[in-house]
Structures are given as C-alpha cells and as structure tokens.
Amino acid sequence: MARKKITDWSKYSLETRAIRAGYNRTQENEHSEAIFTTSSYVFDDAESAARKFSNSEEGNVYSRFTNPTVNAFERRLASLDGADSAVATASGMGAITLMALSLLKAGDHVICSRSVFGSITILFDNILTRFGIDVTFVSPLDINAWKSAITSKTKIFFAETPSNPLQELINIRELSDLAHNNNALLVVDNGFCTPALQRPIEQGADLTVYTTTKYIDGQGRCVGGAICGEKSLICEKVYTTQRTVGTSMSPFNAWVFMKGLETLSLRMNEISKNALVLAKWLELHPKIEKVHYTYLESHAQYHLAQQQQSAGGGIVTFEIKGDKAAAFKFIDNTAVLSLTGNLGDVKSIITHPASTTHGRLPEQDRLRAGIKDNLIRISVGLESINDIIEDISQGLDALD
Ligand SMILES: *Cc1c(COP(=O)(O)O)cnc(C)c1O
C-alpha cells in the first residue's frame with residue numbers, strides 16, 4: 001500500500017509547516033531538500049519551448065524567473081506568513097526596492113515611518129525621489145502624523161515593527177485601516193519578529209517584506225530577502241517585475257534559508273527568553289540610563305506588543321550613562337559578543353548604531369530618530385544567558 005502524500009499543509013501548526021510545507025520531493029526520493037543549481041532548463045521540443053517562453057505553458061525556463069529550490073522556500077515562507085504567495089529576492093533591500101518598483105510610478109507618494117533600517121531611508125529619500133516618487137517620513141508612534149501626511153497620490157504606507165534599533169511599534173490594525181480607507185497599501189518590514197512571532201498580514205497588512213539575512217538564516221551565512229502577500233499583488237506585480245529587473249535569490253541561498261525556517265520557531269522563542277532576561281537585568285543596572293525592549297513592562301507600548309507579537313524577539317537596545325567615548329570603551333571591554341553590524345544570529349552581537357548601521361544618516365535625522373551616541377544594540381543569540389550577561393557586565397565595569 002502506498003502511503004498517503006500530503007500536499008496541503010495548511011491545517012498543520014506553524015512548527016510543522018516550517019519543516020514540511022512547500023517542498024515537492026523529486027523522483028530521486030531524497031529526504032533533505034535538493035538544491036537545483038541550474039541557470040536554465042531544457043525543453044522537450046521546440047513547440048514546448050515556444051509555449052513556455054510565451055507563458056502559455058507553465059514550467060521552468062530560466063532561474064532569474066523561477067527555480068525549484070527558490071520556489072520551495074517561497075512556498076514555505078508564504079505558508080508561515082499566512083500569505084498566498086511570496087517572491088524571494090537577493091537581499092532584504094532588494095525586496096524593498098522590488099516592492100517599490102513593482103507598485104509605484106512617478107508622481108506617487110509614500111508615507112514611511114521615520115524609524116526604519118538606515119538603508120530604507122536612503123532608498124526612499126535619495127534614490128526613489130530621483131524617479132519622481134515622493135516620500136514623507138513620520139513618527140511610527142503618531143497616527144495623526146500619518147493621517148495628515150496622506151495626499152491623493154499616497155499609494156503606500158511603509159513601516160517596520162518593532163523598529164531598528166529603538167523597538168518602536170506601529171499598531172498594525174489601526175494603520176492598515178487608515179491605509180485602506182485612503183486606497184493605500186500597508187507594507188510591513190517584519191524582519192525583527194519573523195512569522196514565528198508576528199504575522200502582520202493576519203492583522204491587516206497587505207504585504208510583508210523580509211530580510212532573510214537575519215533571523216531566517218539565523219546563522220549569519222547568506223544575504224537574502226522576500227516579499228509576501230496576496231496572489232494578485234505578488235504574482236501579477238512583484239513577480240513580473242522581478243523576472244525583468246533580476247533581483248532574484250540564488251538557489252543555494254534559498255536552500256540555506258529553507259533550513260533556517262526549520263528551526264525558526266525554536267530559535268526565536270529561545271532567543272526571546274534570553275533577551276527578556278538580559279533586558280530585565282540591564283534595567284536594574286546603575287550604569288544604564290534606559291532599556292528599550294517591547295516585552296518589558298516599562299516599554300511605552302508593552303500592551304500593544306503583547307497583542308501583536310507572541311514574544312519580544314532578540315534585539316535589546318539600551319542607553320548607557322555617558323557619551324560616545326564611554327560607549328566605545330564599554331564595547332571594547334566586552335569579548336564574547338561579536339562586534340559586527342549584523343543581527344539575528346545564534347551568536348550574540350554588539351553594535352554601536354550611531355557610528356555604524358545608522359552612520360550614513362545626517363546627524364540631525366539620526367538624533368531625531370533617537371539614535372544617540374550612547375545607544376548600544378545587542379542582538380541576543382543562543383549562548384548561555386549567564387555568559388552573555390557576564391560579558392556585558394565586564395564591559396560596564398570598565399566605565400567610571
Ligand atoms: C538588515 C535589514 C534590512 C536589509 O536587509 P539586507 O538583507 O541587509 O538587504 C531591512 N530591514 C531590516 C529590519 C533589517 O534589519
């Protein structure tokens with residue numbers, strides 16, 4: 001008797017879908033997913049080639065368009081995100097650029113949260129403006145600022161929640177209602193929580209964008225990104241743009257990210273536990289001025305975080321008492337934590353945002369976004385939390 005083959009995983013839990021959904025086993029009966037490292041595909045005959053090129057017959061033509069490994073990753077991610085479809089891209093910034101190229105034209109207007117990843121600000125403010133796309137930056141915390149920024153040309157609301165690095169939240173439900181009442185789409189960068197902790201589409205967002213470089217890989221190996229949403233937007237607009245502009249993901253990277261999804265929930269929950277312990281410890285430390293972590297009761301949006309997210313995630317940001325020199329001294333007196341600009345790794349990471357990730361922003365914009373010189377970002381990993389705290393403690397002990 002042949003065993004039943006499950007093709008629809010939708011009734012299974014997120015943890016099961018992360019491991020099982022989206023992959024079609026080949027005739028070789030491999031257990032681990034295969035990597036299709038091929039740039040093109042052969043056709044059975046000339047007629048079939050012609051039909052595939054004209055899109056009247058489905059099937060692979062060229063890996064800038066489709067690739068079985070990339071498509072398996074896209075289906076698995078879409079399933080976790082509660083989305084119909086996904087398009088994987090070469091990087092997180094590639095995903096956001098592709099989203100903009102797919103959905104906007106000259107004359108259109110975007111309202112963007114002021115608290116977004118540094119390169120996103122530069123993309124909207126310096127690059128897309130050259131193509132006639134207007135942007136207004138507003139506080140993610142002030143719904144009235146979003147309301148007053150709306151014009152008849154507004155097409156997209158863009159926000160990150162929680163934001164990098166200050167952990168500010170948007171109210172996804174409220175902002176998506178406002179966008180929809182004004183014929184605009186809400187796009188949420190969900191790179192910090194990932195679908196394991198927060199699913200913005202289920203809360204009203206139209207599209208989510210991901211940097212898969214961070215938690216979805218989870219071990220700091222590959223750069224990648226993705227856009228998830230309903231079929232009409234993803235297939236007709238985003239995919240058709242990608243096949244021409246070529247922001248496509250490599251199959252090897254897709255395979256690494258697919259492996260990352262298998263342990264995503266486990267990692268995000270453990271990382272969040274570690275992060276909460278660290279945040280509570282920091283809050284009581286005399287050399288710390290302020291801690292930003294959404295699952296701390298002292299966070300201004302603690303209740304919203306409890307509604308929107310199932311845990312706090314791995315980013316803990318804090319201000320030390322002192323200036324930039326003190327921040328550098330503190331960092332240089334830690335040793336276990338990696339000093340790098342990345343985040344979302346099983347290795348804990350320490351970063352000074354003002355001089356690195358947000359260093360390209362003009363000082364005035366940077367300070368307005370709250371990225372002060374004494375601000376430190378920790379991306380909490382999976383080492384023993386006692387060792388992480390001990391390392392940070394040594395750094396703080398070095399300060400006067
Ligand atoms: C890193 C990051 C990005 C950009 O992603 P890349 O993969 O580096 O291009 C976008 N949004 C957030 C929240 C990020 O942390």
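Contact here means that heavy atoms lie within 4.5 Å of each other. With that in hand, take helix H5 (residues 118-127) in this predicted model: the helix lies across strand E2 (109-113), E3, E4 and E5. Relative to E3, helix H5 runs at about 140 degrees.

So what do these strands belong to? They sit in an open sheet of 7 strands, and reading across it gives the order E1-E7-E6-E5-E4-E2-E3, with mixed pairing. At the two edges are strand E1 (85-89) and strand E3 (134-138), each of which pairs on one side only. The sheet isn't flat like a board: neighbouring strands are turned by 20 degrees against each other on average, if direction is ignored. Zooming in on one pair, strand E4 (residues 154-160) and strand E5 (residues 185-189) run in the parallel sense and are held to each other over 5 bridges. Phe158 offers a handy example, with Val187 in E5 as its bridge partner.

Following the chain out of E4 leads to a loop with a couple of surprises. Thr161 and Pro162 are joined by a cis peptide bond, with omega at about -5 degrees, and Pro162 has its place in the loop between E4 and helix H7 (172-181). Another cis bond links Asn164 and Pro165, where omega is about 0 degrees; Pro165, too, lies in the loop between E4 and H7. A backbone oddity of another kind turns up at Asn55, a residue other than glycine whose phi is positive, near 65 degrees. Asn55 is found in the loop between helix H2 (46-53) and helix H3 (68-81).

Next comes the ligand. Which residues are around it? The list runs Ser91, Gly92, Met93, Phe117, Glu160, Asp189, Phe192, Thr211, Thr213, Lys214 and Gly224. Sorted by class, this shell holds 3 nonpolar, 5 polar and 3 charged residues. Several polar atoms come close enough to give distances worth noting. A nitrogen atom of the ligand is 2.6 Å from an N or O atom in the side chain of Asp189. On the side chain of Lys214, an N or O atom is 2.7 Å from a ligand oxygen atom. Gly92 takes part through its backbone instead, with a polar atom there 2.8 Å from an oxygen atom of the ligand. How much of the ligand does the protein bury? Taken alone, the ligand exposes 380 Å², and the protein buries 92% of that.

Further along the chain there is another open sheet, this one built from 5 strands in the order E8-E9-E12-E11-E10, again with mixed pairing. Why is one side of strand E8 (288-292) and of strand E10 (338-339) left without a neighbour in the sheet? Both stand at the edges and each has a single partner strand, so there is nothing in the sheet to flank the other side. Within this sheet, strand E11 (residues 349-351) and strand E12 (residues 375-379) run antiparallel and are joined by 3 bridges. One of the matched residues is Thr351, whose bridge partner in E12 is Arg377. A helix packs on this sheet as well: helix H13 (residues 324-332) touches strand E9 (315-320), E10, E11 and E12. The direction of H13 makes about 130 degrees with that of E9.

How values were computed: Residues numbered from 1 in each chain as written. Predicted model: local features only at pLDDT ≥ 70, side-chain atom pairs only at ≥ 80, totals over all residues. Heavy atoms only, no water. Pairing = 2+ DSSP bridges. Helix = DSSP H or I, 4+ residues; strand = E, 2+ residues; numbered from the N terminus. Axes fitted to C-alpha atoms, helices over the stretch in contact; angles between N-to-C directions. Near = heavy atom within 4 Å. Polar contact = N/O pair within 3.5 Å; in protein donor to acceptor, adjacent residues only side chain to side chain. Areas by Shrake-Rupley, 256 points an atom, 1.4 Å probe, with all protein chains shown as cover. Nonpolar A, V, L, I, M, F, W, Y, C, P; charged D, E, K, R; others polar.
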